[in-house]
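Please work through the following exercises with the sequence and the structure side by side. Each task is followed by a solution that goes step by step.

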Amino acid sequence: MDDKRKRTRLIVSFSLIVFILCATFRGCSSAITQSRNKKKAQSSNPNRFGSSAVFQVWGNVYPDGYYYVTLNVGNPAKPYHLDIDTGSDLTWLQCDAPCVHCFKAPHPPYKPKNNVVFCKDPLCASIYSSKSQPCKKPTDQCDYGVEYADQGSSLGVLVKDAFPLRFTNGSLFGPPLVFGCGYDQQISSSHPFTDGVLGLGNGKISIVSQLRDMGLTRNVFGHCLSSQGGGFLFFGDDLVPSQRIVWMPMSPNSLEKHYSSGPAELLFGQQSTGLKGLYMVFDSGSSYTYFSSLAYKSTLSLLTNDLVGKPLKVANDDHTLPICWKAAKPLKSVQDVKNYFKPLALSFTNIQSVPLELPPEAYLIISEHGNVCFGILNGTEAGLGNFNLIGDISMQDKMVVYDLEKQQIGWAPANCKIPPKS
């Protein structure tokens with residue numbers, strides 16, 4: 001199996017799956033020194049909660065396996081490509097502090113300039129549990145460590161620098177935001193070709209939460225990932241549609257810092273599968289969707305039985321994903337076989353409206369060999385236990401909105417190649 005096609009960046013808060021590292025890490029070299037000097041923003045602060053920021057998205061589910069945005073950081077500003085990840089809350093850049101272990105990236109590593117964050121900063125405490133805070137004194141630098149489900153990790157120190165943003169009300173502002181300066185990365189074979197991670201999880205350290213605390217945007221963001229590649233990402237609520245959007249409350253039992261729904265029932269061809277009580281995590285850091293072992297095996301069995309008598313055979317020689325089928329001739333798009341596969345849907349018990357539809361395009365890809373492959377994977381085998389992830393493949397061609405103000409998740413069909421007018 002080609003691991004490069006199976007990226008997942010979910011972080012969870014307990015050791016059975018993946019976790020925020022709690023050990024004390026060695027500090028960066030003298031390139032990062034403690035300093036209280038703060039650079040002032042170069043332009044005026046927009047009106048409180050008066051606007052949003054929109055970013056173009058690049059990438060695709062296959063063959064790239066990830067979506068990313070470009071953010072400018074520093075003064076003078078330099079561009080960095082960041083993997084969009086709603087499954088973790090810390091944003092970090094590869095950092096020359098100097099680098100202990102750094103991977104090949106699109107841009108040179110970020111260079112810190114006396115802008116370390118101290119342990120006394122509340123954002124430092126927010127990335128640790130009360131029992132795992134490694135700081136010995138308030139004036140120590142704030143070290144961090146994160147480990148992801150794909151076995152990748154980043155160690156470094158928190159720093160603060162300007163993020164120049166152009167808002168939809170026309171203003172340009174460079175708020176000083178806290179992020180990770182990663183000087184020691186361990187990467188997996190599924191690591192995307194980016195400069196770091198844009199953490200959009202539900203934590204105080206997330207970029208969106210920091211912007212909200214500064215009064216620049218609402219604590220709302222959303223993404224629209226196109227099945228044709230690319231899309232857009234936004235911070236703030238200006239672009240949230242007033243109609244045609246289905247809202248669902250975030251689960252009160254949601255995993256800390258992640259976006260989880262209430263229990264859902266899986267439908268196959270609009271019929272109940274008997275699979276109920278599925279808690280789903282919306283994770284843009286996962287290329288594919290993951291079901292727990294029971295749900296995965298049941299879904300695969302339904303698909304397999306439904307393909308009996310149809311002109312598709314198992315392609316044992318195609319290892320793009322665990323399960324692929326071949327037709328009489330190479331396929332060019334999912335449209336070629338769409339009629340052979342029934343739609344899936346997730347019916348959430350805490351809402352009375354439209355379920356989250358998963359048409360064949362939301363769970364199938366066409367491999368480079370011209371075969372159709374099943375884009376829902378066995379999460380239990382991937383180390384996710386009994387959790388279920390809704391990954392990029394199943395969020396394509398939908399605007400997905402995460403409203404932290406009202407603690408709800410919304411979605412609506414959308415043309416993700418064209419950002420809506422604010």
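**Exercise 1.** Are Cys124 and Cys142 buried or exposed?

*Solution.* The model is a predicted one, and each step below rests on values computed from it. Begin with the bond itself: Cys124 and Cys142 form a disulfide, with their sulfur atoms 2.1 Å apart. Next, consider the handedness, which is right-handed because the torsion about the S-S bond of Cys124 and Cys142 is about 90 degrees. The pair links distant parts of the chain, since Cys124 lies in helix 1 (residues 122-126) and Cys142 in the loop between helix 1 and strand 5 (143-147), 18 residues apart. Finally, both Cys124 and Cys142 turn out to be buried.

**Exercise 2.** Determine the accessibility and the handedness of the disulfide that joins Cys99 to Cys102.

*Solution.* The sulfur atoms of Cys99 and Cys102 are 2.0 Å from each other. Cys99 has a relative accessible area of 27% and is therefore partly exposed, and Cys102, at 35% relative accessibility, also counts as partly exposed, given that this class lies between the limits of 20% and 50%. The torsion about the S-S bond of Cys99 and Cys102 is about -80 degrees, so this disulfide is left-handed.

**Exercise 3.** Place the disulfide of Cys324 and Cys373 within the chain and within the whole set.

*Solution.* The sulfur atoms of Cys324 and Cys373 are 2.1 Å apart, and the torsion about their S-S bond is about 100 degrees, so the disulfide is right-handed. Distant parts of the chain are linked here, because Cys324 belongs to strand 19 (residues 324-326) and Cys373 to strand 23 (residues 372-374), 49 residues apart. Cys324 is buried, with a relative accessible area of 2%, and Cys373 is buried with a value of 0%. The structure holds six disulfides, and, with bonded cysteines counted along the chain, they follow the pattern 1-8, 2-3, 4-6, 5-7, 9-12, 10-11.

**Exercise 4.** Which strands stand at the edges of the open sheet with the order 15-14-20-21?

*Solution.* Four strands form this sheet, and their pairing is antiparallel. Strand 15 (271-272) and strand 21 (356-358) stand at the edges, each with a single partner strand, so one side of each is left without a neighbour in the sheet. Further in, five bridges join strand 14 (residues 264-268) to strand 20 (residues 344-348), and Phe268 has Leu344 in strand 20 as its bridge partner.

Key: Residues are numbered from 1 along each chain as its sequence is written. This is a predicted model: local features need pLDDT of at least 70, side-chain atom pairs count only at pLDDT 80 or more; totals for chains, interfaces and linings use all residues. Side-chain values use heavy atoms; hydrogens and water are left out. Two strands pair if DSSP finds at least two bridges between them. Helices (H or I, at least four residues) and strands (E, at least two) are DSSP runs, numbered from the N terminus. A disulfide is a pair of cysteine sulfur atoms within 2.5 Å. Buried means under 20% relative accessible area, exposed over 50%, partly exposed in between (1.4 Å probe, protein chains only).
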